[in-house]
Amino acid sequence: MTVLVTGAAGFIGYHLAQRLCAEGHEVVGLDNLNSYYSPALKQARLERLLRLPGFRFERLDITDAAALNALFARHGFSEVFHLAAQAGVRYSLENPGAYGQANLVGFLNVLEACRQHPPRHVVYASSSSVYGANAKLPFTVGDPVEQPVSLYAASKRANELMAHSYAHLYQLPLTGLRFFTVYGPWGRPDMALFGFTRAILEGRPIDVYNHGQMARDFTYIDDIVEGIARLRVRPPQGPVPANLFNIGRGQPVPLLDFISCLEHALGLRAQRNLLPLQPGDVLRTWADVSALAEWTGFEPQVPLAEGVQAFVAWYREHYRV
């Protein structure tokens with residue numbers, strides 16, 4: 001089979017493309033290699049992918065509908081994993097236009113290309129951010145999510161609604177995944193683990209928002225990829241073939257405990273710059289993953305201490321520190 005991974009030079013896309021190649025699939029990886037964060041890190045991921053049998057790369061922006069349609073027409077993808085997006089809650093306050101283009105126009109272009117050249121399954125990235133300031137814990141897919149607290153969250157909720165409409169109108173099998181704070185080797189520099197690690201190793205203080213009174217459901221990248229791998233062979237059925245799942249560890253961790261875990265892995269103490277809550281941030285996340293477990297048998301395996309240690313080992317090797 002030939003499958004498409006959009007955002008293949010991104011964090012999750014890179015790991016997923018590796019897994020699919022290892023399973024013997026022909027993988028077309030698409031990415032525009034933008035500069036939201038270090039293009040050098042994206043290029044380093046891509047160079048590793050290009051050495052894998054069965055992988056080929058297309059530098060393409062999903063906002064280019066004509067080029068995207070031509071790519072689909074050439075390959076007739078059996079499965080599509082749509083991970084390309086403009087990420088980041090805080091950046092959406094600075095550059096909202098990027099989210100309108102990548103997450104709304106770009107996602108519509110992907111849906112249209114899939115409508116014209118239907119794959120047997122489309123798996124796309126949503127986000128735990130859609131839950132906004134929901135106070136009920138843990139978060140379940142049936143919870144109301146109509147009050148986003150950031151434009152990023154709003155764009156991801158819009159993706160879920162757009163996907164549902166295409167499943168209803170065209171019987172296009174679509175599965176959305178609400179990712180919960182994914183971390184691990186080759187992770188994103190704008191995420192807390194990466195930024196904290198860099199600052200601590202450089203002897204700089206770390207910014208701790210809401211004075212540390214926050215919690216996140218940290219999910220190791222290998223667990224995420226395992227969940228996607230199990231899902232790909234279980235497309236939704238029925239008159240409206242649309243599924244939506246949380247994918248997380250299912251264990252919220254207080255931010256201060258997370259920092260302590262990182263300090264232990266590094267063997268260094270962090271200087272903590274305590275700050276108020278930032279606009280767009282939520283106080284806590286916690287995934288109810290029972291629906292995904294029932295559908296696929298998915299059970300996250302990697303505990304936080306093990307995952308943080310793996311990230312630190314990668315960071316020290318990659319950046320030679």
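**Exercise 1. The sheet**

Describe the order and pairing sense of the strands in the open sheet of this predicted model, and state which strands stand at its edges.

Solution. Start with the strand order: the open sheet is built from 7 strands, running β3-β2-β1-β4-β5-β6-β11. Their pairing is parallel. Next, take the ends of that order. β3 (55–59) and β11 (242–247) each have a single partner strand, so one side of each lacks a neighbour in the sheet. Finally, the twist from one strand to the next averages 20 degrees.

**Exercise 2. One strand pair**

Over how many bridges do β1 and β4 pair, and which residue of β4 is the bridge partner of Thr6?

Solution. β1 covers residues 2–6 and β4 covers residues 79–82. The two strands pair in the parallel sense over 4 bridges. Thr6 has His82 as its bridge partner in β4.

**Exercise 3. Two loop residues**

Locate Ser128 and Val89, decide whether each is buried or exposed, and list their contacts beyond four places in sequence.

Solution. Take Ser128 to begin with. This serine sits in the loop that joins β5 (121–127) to α6 (151–170). Its relative accessible area is 8%, and the cut-off for buried is under 20%, so Ser128 is buried. Beyond its sequence neighbours within four places, Ser128 contacts Arg178, Phe179, Phe180 and Thr285.

Now turn to Val89, in the loop between β4 and α4 (91–94). Its relative accessibility is 19%, which is under the 20% cut-off, so Val89 also counts as buried. With neighbours within four places set aside, Val89 is in contact with Ser129, Ser150, Tyr152, Gly280 and Asp281. A distance completes the account: the C-alpha atom of Val89 lies 9.0 Å from that of Pro279, although 190 residues separate them along the chain.

**Exercise 4. A residue in β10**

Determine which strand holds Thr219, whether this residue is buried or exposed, and what it touches.

Solution. Thr219 belongs to strand β10, residues 219–220. The relative accessible area of Thr219 is 0%, so this residue is buried. Leaving out residues up to four places away in sequence, Thr219 touches Phe180, Thr181, Val182, Tyr183, Ile224, Ile247, Gly248 and Arg249.

**Exercise 5. Helix α7**

Identify the buried residues of α7, the elements they pack against, and the residue with a positive phi just after the helix.

Solution. Begin with burial: Leu193, Phe194, Phe196, Thr197, Ala199 and Ile200 are the buried residues of α7. Then list the partners. These buried residues pack against the helices α2 (39–49), α9 (255–266) and α11 (304–319) and the strands β7 and β8 (206–209). Just after α7 comes Gly203, with a positive phi of about 75 degrees.

**Exercise 6. The cavity**

How many cavities of 30 Å³ or more does the structure hold, and which residues and elements line the largest cavity?

Solution. The count is 1 cavity of 30 Å³ or more. The space in the largest cavity is about 80 Å³. Its lining consists of 14 residues, and those closest to the centre are Val182, Tyr183, Met191, Leu193 and Phe194. By element, β7 (182–183) and α7 (192–201) each supply at least two lining residues. The contribution of α7, 3 residues, is the most from any element. By residue type, the lining has 10 nonpolar, 3 polar and 1 charged. One residue links this exercise to the previous one: Leu193 is among the buried residues of α7 and is also one of the residues closest to the cavity centre.

Technical notes
Residues are numbered from 1 along each chain as its sequence is written. This is a predicted model: local features need pLDDT of at least 70, side-chain atom pairs count only at pLDDT 80 or more; totals for chains, interfaces and linings use all residues. Side-chain values use heavy atoms; hydrogens and water are left out. On a 1 Å grid over the protein atoms alone, a cavity is a set of points where a 1.4 Å probe fits but cannot get out, and a pocket is an open set with protein on both sides within 12 Å along at least five of seven lines; lining residues have an atom within 4 Å of a point. Grid points are joined across faces, edges and corners, and a volume is the space filled by probe spheres set on the points. Ala, Val, Leu, Ile, Met, Phe, Trp, Tyr, Cys and Pro count as nonpolar, Asp, Glu, Lys and Arg as charged, and the others, Gly among them, as polar. Two strands pair if DSSP finds at least two bridges between them. Axes are lines fitted to C-alpha atoms, for helices over the stretch in contact, and angles run from 0 to 180 degrees between N-to-C directions. Buried means under 20% relative accessible area, exposed over 50%, partly exposed in between (1.4 Å probe, protein chains only). Contact means heavy atoms within 4.5 Å.
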